[in-house]
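User: I would like to learn how to read helices and charged pairs in a model of this kind. Could we go through them one feature at a time?

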Amino acid sequence: MGVLLNSPALHVGPMQEAFARAELPAFYEAGARAPHPAGRAFLLLLDCALEDVSASRFAEYLSLGETPSPEAPRASEGYVAPRRWEELIFDSEVIGGADRWERRLTLFAAELRAREKAAPDRTARERARRRREDLERLTRTALPLVARLARLPDAASWKSWAEALSDLARAALLHPEGVLGCLEETAPMGEVRRVTLEEVRASLSRRLAEVVRRSSGSRYGRIWVGPIEGARGLSFDVVAAPGLAEHVFPRVIREDPMLLDRRRKRLSSRLAVRGDRGREERLRLRLVVGAARRRLLLTYSNLNLAEGRSLAPSYYLAEAFRAGFGETPTLAAIKARASGRHSPVRPGTRAPKRPEAALDRREFALSRIADARDDALGRPEATGAAAWLLDDRRLARGLRFAFMRGSRSWTAADGFLTAAGSRPPPVLEAFRPDRRAWSATGLQSYAECPYRFFLKNLVRLRPVERPGALEMLDPLTRGSLLHEVFFHLGQRLRERGLMPLPKRSREAAFEEVRAVFNRVEHEYRERCAPPYRGIWDDQMDGILADLRGFVERLAGSGVTMQHNEFSFGLALRQPADPESTRDPALLPGPLKLHGSIDAVETRPDGGAQVTDYKTGKASLASVSGKEATFGGRGLQPLLYAHAWGAISGEEVAVGRLYYATVRGAYRETEVRTAGAEARSHLVRFVHILKEAILEARFPALPHPELSYPPCNYCDYLSVCGPAPARHKVEKRRSGAAIDAVQRIRRLP
């Protein structure tokens with residue numbers, strides 16, 4: 001039997017997979033093409049070279065398992081290199097560029113050696129040693145390949161390209177045979193001069209995506225699968241030709257829009273026009289029919305699954321019908337002849353109508369579900385026909401959660417871990433505000449969205465970070481850069497006795513700012529590797545303008561910065577104030593707090609104040625003058641003031657949010673933090689939060705007053721579910737269930 005693929009719409013790869021799943025012996029003739037990891041890996045290497053040795057592209061190449069290095073560890077040795085190598089590439093912030101690859105890997109190796117020496121115990125030391133050894137293996141494997149990619153010319157003759165790429169394939173691929181065969185096929189193009197890497201990649205992309213797979217042994221006794229052109233001179237007892245549908249076989253033949261037929265005829269009689277391509281298509285039909293000795297099976301699809309519309313048989317099928325039965329058929333006659341033999345696929349499901357015709361578990365499950373649905377609609381007594389799905393624990397859990405999300409009552413799928421009246425899990429005791437140290441940002445996230453608070457602070461889910469070349473500064477990087485400049489600026493001004501800063505010393509202070517900024521900017525440029533220097537410089541000029549405005553307002557204000565980046569309850573890190581402490585602060589409530597205060601300052605009247613610098617648009621502004629927590633969304637001034645008071649014994653009169661950029665208009669929002677009233681607001685917040693944690697209630701209710709669509713930029717959107725804007729149903733789900741959230745949002 002032979003199976004011929006008669007259209008570019010039908011590829012050998014899916015047919016091979018179908019025969020393999022059906023456990024049918026098949027023979028794939030030389031020339032039949034199918035997807036192969038080696039071809040995909042080589043294309044990724046070419047993309048890597050085009051993108052200045054991109055780290056992300058190189059990591060994708062590693063993930064395909066085509067790295068032939070003898071350094072690549074095996075699972076039997078107790079570790080898996082590709083996964084760890086990808087992690088190391090991202091952690092070292094290689095990003096791209098051959099020189100940066102070597103520099104960043106060397107610096108990261110030194111950092112890992114320092115971590116290994118400073119490890120507090122044997123377990124941590126062993127973990128650091130394994131990580132360092134993995135980095136050494138990655139370095140020995142990756143740097144030679146990176147050097148090869150960097151040496152590829154910008155343009156060369158095709159012959160030179162073929163030689164260079166053949167050497168690269170032998171060095172970089174575990175199975176280079178298919179790629180080498182593709183390159184050998186391009187030998188007639190050897191005399192073509194000045195071909196760029198982009199042109200090489202475009203020319204080879206189709207061939208490398210489906211490299212040649214040759215079957216070994218004899219084709220007799222097996223199904224032959226191949227393109228129609230590969231069947232020249234062959235004959236089979238039975239031939240099956242799928243896909244004789246409209247616009248599939250024959251293909252739609254159109255003129256070349258770049259060189260129309262009338263111009264082709266004028267230029268040369270050898271240039272093919274539409275009539276020539278039509279005759280070639282008819283020749284392919286003759287090859288199909290002529291290859292069958294006893295039986296010819298022609299099929300067509302009556303449904304276009306991609307576009308969701310019906311298909312009609314092609315006129316080739318009508319011609320075959322007339323040749324075989326001696327009459328010109330109608331569409332009804334073709335359908336009648338095919339009656340009982342039409343495709344058993346269910347429209348819209350890509351699954352067979354009969355479960356026993358399924359080729360894998362996915363098709364079987366889809367078919368059974370469709371049967372159960374139809375039975376339940378037609379016969380109410382047939383309920384429970386899909387209960388077998390619950391045998392799969394993960395699928396059963398997903399189905400139950402999907403059902404609970406749509407129910408009117410609050411459930412575990414909405415962030416309620418326990419049913420009403422039941423005892424909460426004991427593990428939540430460890431998250432009480434007085435038992436573990438919390439950050440101010442983590443605490444205020446409860447008011448923004450309790451479910452995100454739960455995922456981030458209790459479950460501790462973190463989004464996957466993928467370092468890459470930074471074209472535009474994101475808010476987090478911009479804020480980090482400015483905070484580092486503020487820290488070093490405060491130190492420099494104190495060392496030079498310029499605190500408080502008088503107006504006459506503004507220019508001297510700005511020169512200090514410029515010196516600090518140049519050093520910090522150089523470090524961030526190395527870390528972020530901006531691909532467009534002009535865009536980066538424009539953004540840095542904007543930040544320098546922000547800093548000039550900051551100095552202008554600091555001069556003559558009478559404020560003295562005593563400490564910058566004063567951290568408490570955190571491992572000592574840089575940058576940090578030298579007087580920082582490792583112990584968390586114990587606040588009224590009681591509440592354990594850790595964090596870093598941007599600035600501890602002395603006011604002109606001698607009172608103390610703490611400042612939290614904001615580098616974005618002003619989002620929290622005082623309206624009544626009595627705000628303390630801003631409904632739980634602006635806790636830093638209150639928390640940091642009490643933290644400094646607990647650590648130093650000095651009462652802080654004012655805490656403030658300072659929007660220290662042009663975008664924030666240098667606005668200041670002050671909060672009175674001294675006195676019994678401020679203390680009562682803090683104690684009340686801690687008490688409500690403690691109740692919510694111990695009752696295990698974390699409803700998915702984003703704050704409706706956030707200045708941006710609350711769910712659009714959330715890192716946990718994929719976890720929250722397909723309908724994240726559940727805050728819209730807050731009114732119909734009100735009551736004691738969300739009482740803690742509402743009480744915190746009503747705080748002043």
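Analyst: The expected span of a helix is 1.5 Å times one less than its number of residues. Please keep in mind throughout that this is a predicted model.

User: How many residues does helix H19 have, and what span should they give?

Analyst: Helix H19 covers residues 506-528, which makes 23 residues, so the expected span is 33 Å, and this agrees with the 31 Å that separates its end C-alpha atoms. Just after H19, alanine 529 adopts a positive phi of about 45°.

User: Which residues of H19 are buried, and what covers them?

Analyst: The buried residues of H19 include Phe510, Val513, Phe517, Val520 and Tyr524, and among them are also Glu512 and Glu521. The cover over these buried residues includes helix H5 (98-118), helix H18 (475-495) and helix H20 (533-554).

User: Let us turn to charge. How many salt bridges does a search of the whole structure find?

Analyst: Side chains of opposite charge can pair when their charged atoms come close. In this structure the search finds 41 salt bridges, and a network of them links Glu93, Arg100, Arg103, Arg104 and Glu526.

User: Where in the chain do the partners arginine 284 and glutamate 281 lie?

Analyst: An α-helix has 3.6 residues a turn, so residues three or four places apart point the same way. Arginine 284 and glutamate 281 are both in helix H11 (residues 274-290), and because they are three residues apart, about one helical turn separates them. Their salt bridge has its closest N and O atoms 3.2 Å apart. Arginine 284 counts as buried at 9% relative accessibility, and glutamate 281 counts as buried at 2%.

User: Which residue pairs with arginine 282 in a salt bridge?

Analyst: Arginine 282 forms a salt bridge with glutamate 319, with 3.1 Å between the closest N and O atoms. This pair links distant parts of the chain, since arginine 282 belongs to helix H11 and glutamate 319 to helix H12 (residues 315-325), 37 residues apart. Arginine 282 is partly exposed, with a relative accessible area of 39%, and glutamate 319 is likewise partly exposed, with 25%.

User: What do the side chains of aspartate 237 and arginine 293 form, and is arginine 293 buried or exposed?

Analyst: The two side chains meet in a salt bridge, at 2.8 Å from N to O. This pair also links distant parts of the chain, with aspartate 237 in strand E6 (residues 236-241) and arginine 293 in strand E7 (residues 292-298), 56 residues apart. Arginine 293 is exposed, with a relative accessible area of 52%, whereas aspartate 237 is partly exposed, with 30%.

Conventions:
Residues numbered from 1 in each chain as written. Predicted model: local features only at pLDDT ≥ 70, side-chain atom pairs only at ≥ 80, totals over all residues. Heavy atoms only, no water. Salt bridge = Lys/Arg side-chain N within 4 Å of Asp/Glu carboxyl O. Helix = DSSP H or I, 4+ residues; strand = E, 2+ residues; numbered from the N terminus. Buried < 20%, exposed > 50% of the residue type's maximum accessible area, 1.4 Å probe, protein only. Contact = heavy atoms within 4.5 Å.
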